Amino acid sequence: MKCRKCSRKAVINMRQHKLGLCKDHFLEWVPQQTQRFIEKYKMFPRDAKVLVAVSGGKDSLALWDILHRLGYSADGLYISLGIDAGINYSGESRRMSENFARQRGLQLQVVDIQQEYSTSIPELAETTQRGKGKPCSVCGLVKRHVMNRIALESGYDVLVTGHNLDDEAAVLFGNTLNWLSGYLRRQGPVLEASPGLVPKAKPLCRCYERELAAYALLRGIEYIYEECPHSVGAKTIYYKELLNQLEADRPSAKLSFYLSFLNAKKEGLFAQQKEELTTELNTCQSCGQLTSAPGTCSFCRLIEKVSPDA
Ligand code: SF4
Ligand code: ZN
Ligand code: ZN
């Protein structure tokens, strides 16, 4: 197959876009597409101070690389969760993130949960869930809290994450299967600022995972190949497999599923609900972040369970 733009040998054939590109044109095309989505969904302006949540995986490091190449002022935030599970997952992913930043002269903030809160995600999950179930809900709560705190404290305009189209389509699939209207209402390329919450954006939400893997490889980005050990058996992985089967028969099925959803939202699918869900916010007595709970926020209550004197 030949490159659509220069007739050299294509390194990637993207059936979903009916497009084959050589290495140089593919490495130009990915940032161009990303810039197009940043503008289309009004994610953030050119001069925004951007904080990139990096995990050491290909998507978040590719996103940081793309934003850097596009000329954005983008710093990284890595949260060390204390997950080992026999493969030193947190240690390796931290090393990848730090190497990436050092090699490119970029600023990376590291928040080590163990150092800051004298606990780890597995320990928090063990204490609060008594060893039952996965630590993912606890982990999600901790990450959201820390990301928001750092973004607000350091004056960032927007927090961006490396969620790709496969991630978004799988989450959408799960939310739709169960008609989780609250989650469906909030899902999208942008989560606008609200009192006490920094705006969030997903600039790669229309990029296939396969495209990002190719981008990382061709850019020579070193990343951690292993997924978090706790993701094994997660429903989103199963949904991704189902959607991959669909995509194999109908190229662009994932993209049209996601885009149809965004169009339906734009046409007011959840407009009514938005007004009904306005909740009163209080200031957490412990950390000062805004919370819908009275007294202390759910993050501080979680930490208190493990370290009552913290
Ligand atoms: Fe956290 Fe679960 Fe993701 Fe692992 S798989 S990083 S525990 S949310
Ligand atoms: Zn070319
Ligand atoms: Zn709090």
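**View 1. Salt bridges between domain 1 and domain 2 are counted in this predicted model.** Between domain 1 and domain 2 the count of salt bridges is zero. Polar contacts do join the two parts, for eleven residue pairs are in polar contact between domain 1 and domain 2, with both residues of each pair at pLDDT 80 or more. On the side of domain 1 that touches domain 2, the strand β1 (12-14) and the helix α1 (23-40) each supply at least two residues. The greatest contribution to this side of domain 1 comes from α1, which gives five residues. Sorted by class, the side of domain 1 that touches domain 2 holds six nonpolar, three polar and three charged residues.

**View 2. The two domains are shown with the surface that is buried between them.** Domain 1 covers residues 1-30, whereas domain 2 is made of two stretches, 31-214 and 231-274. Although the C-alpha centres of domain 1 and domain 2 lie 27 Å apart, twelve residues of domain 1 are in contact with 15 residues of domain 2. The area buried between domain 1 and domain 2 comes to about 1,200 Å², and carbon and sulfur atoms give 53% of that area. Within domain 1, the residues that lose the most area to domain 2 are Gln16, Trp29 and Val30, which together account for 47% of what the domain 1 side buries.

**View 3. A salt bridge joins Glu209 and Lys58.** Side chains of opposite charge can pair when their charged atoms come close. In the salt bridge between Glu209 and Lys58, the closest N and O atoms are 3.1 Å apart. This pair links distant parts of the chain, since Glu209 belongs to helix α9 (residues 209-218) and Lys58 belongs to helix α2 (residues 58-69), with the two positions 151 residues apart in numbering. A search of the whole structure finds 14 salt bridges, the pair of Glu209 and Lys58 being one of them.

**View 4. The whole protein is set out as a frame for the close-up views, with its helices and strands.** The protein contains 13 helices and ten strands. Its radius of gyration is 20 Å, which is close to the 19 Å that the globule rule gives for 310 residues, so the protein is as compact as a globular protein of that length. Taken along the principal axes, the C-alpha atoms of the protein fill a box of roughly 65 × 45 × 40 Å.

How values were computed
Residues numbered from 1 in each chain as written. Chains lettered and ligands numbered in written order. Predicted model: local features only at pLDDT ≥ 70, side-chain atom pairs only at ≥ 80, totals over all residues. Heavy atoms only, no water. Domains from an automatic or database assignment. Contact = heavy atoms within 4.5 Å. Buried area = accessible area lost by both parts, 1.4 Å probe. Salt bridge = Lys/Arg side-chain N within 4 Å of Asp/Glu carboxyl O. Polar contact = N/O pair within 3.5 Å; in protein donor to acceptor, adjacent residues only side chain to side chain. Helix = DSSP H or I, 4+ residues; strand = E, 2+ residues; numbered from the N terminus. Nonpolar A, V, L, I, M, F, W, Y, C, P; charged D, E, K, R; others polar. Rg over C-alpha atoms; globule rule 2.2 N^0.38 Å.
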